[in-house]
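Let's take a walk through this chain, starting with its overall fold and ending in its interior. Have the sequence and the model open as you read.

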Amino acid sequence: MSADAEVEPGTLLVAAPTMFDPNFRRTVVFVIDHRPEGTLGVVLNRPSEVAVHEVLPHWGDHVAEPRSVFVGGPVEKKTALCLATLRTGETAATVPGVIAVRGPVALVDLDSDPDALVAKVRGLRVFAGYAGWDAGQLAGEIERGDWLIVPALPGDVLATPARDLWGQVLRRQGLPTALLATHPGDLQRN
């Protein structure tokens with residue numbers, strides 16, 4: 001069984017405390033797509049200083065607080081992706097302009113009309129760039145201990161930067177995983 005067998009759309013990749021790659025240190029990645037050819041996701045806890053209305057004026061008033069673009073990852077930073085959390089009773093199949101990811105979370109077509117979508121979603125978040133892994137690459141990183149695979153909650157996609165999403169996701173996993181949330185990161189400082 002491959003190390004990435006539990007990864008599927010809608011799961012979270014939580015950076016291990018020992019992950020020192022600056023692109024992913026203490027990040028939570030929401031997996032949008034996972035296939036043998038590779039994996040695509042977005043970092044949920046890296047807001048930028050750029051307001052959504054500066055780059056996507058039609059969407060700026062509709063995104064969750066803070067109304068900034070989040071840094072989705074180091075790949076294709078000029079590409080925008082948008083995730084929505086649909087309201088109870090709505091499904092991606094019945095909401096125009098979205099593609100189902102898992103449960104109430106859907107990928108939004110940014111060419112669609114935001115006004116038609118707003119009433120059907122609890123919130124939207126725009127990401128610049130994404131995290132991507134080629135075939136076998138993520139499995140290797142998981143085997144090395146770089147990532148923990150955990151279930152996502154719909155609210156994770158819209159978590160505000162004021163919440164320590166990384167620590168919060170780890171703490172809800174139960175023991176012993178929850179103890180990782182207290183890891184100082186740099187053992188030299190311990």
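What follows goes from secondary structure to overall dimensions, then to the surface and the cores.

Keep in mind that this is a predicted model. Start with the secondary structure: you'll find ten strands and four helices in the chain. Trace them from the N terminus and the order reads β-β-β-β-α-β-β-β-β-α-β-α-β-α. How compact is the chain for its length? Its radius of gyration is 16 Å, close to the 16 Å that the globule rule gives for 190 residues, so the chain is as compact as a globular protein of that length. If you lay the C-alpha trace along its principal axes, it spans about 50 × 35 × 30 Å.

Now look at which parts of the sequence meet. Take the contacts between residues at least 6 apart in sequence: 65% of them join residues at least 24 apart.

On the outside, the accessible surface comes to about 9700 Å², and carbon and sulfur atoms account for 53% of it. As for charge, there are 23 negative and 17 positive side chains, with the centres of the two sets 7 Å apart.

Time to go inside. Of the 190 residues, 46% count as buried. The largest nonpolar core takes in 40 residues, and Phe30, Val42, Leu83 and Trp147 are the ones with the most contacts inside it. Which element gives this core its largest share? That's strand E2, residues 28–35, with five residues. There's also a second core, separate from that one, with 18 residues, among them Val52, Cys82, Ala84 and Ala92.

Note on methods. Residues are numbered from 1 along each chain as its sequence is written. This is a predicted model: local features need pLDDT of at least 70, side-chain atom pairs count only at pLDDT 80 or more; totals for chains, interfaces and linings use all residues. Side-chain values use heavy atoms; hydrogens and water are left out. A nonpolar core is a set of buried Ala, Val, Leu, Ile, Met, Phe, Trp, Tyr and Cys residues joined through side-chain atoms within 4.5 Å. Buried means under 20% relative accessible area, exposed over 50%, partly exposed in between (1.4 Å probe, protein chains only). Helices (H or I, at least four residues) and strands (E, at least two) are DSSP runs, numbered from the N terminus. The radius of gyration is taken over C-alpha atoms; the globule rule is 2.2 Å times the number of residues to the power 0.38. Contact means heavy atoms within 4.5 Å. Accessible areas come from the Shrake-Rupley method with a 1.4 Å probe; for residues, only the protein chains shown count as cover. Lys and Arg count as positive and Asp and Glu as negative; His and the chain ends are not counted. The place of a charge is taken as NZ of Lys, CZ of Arg, CG of Asp or CD of Glu.
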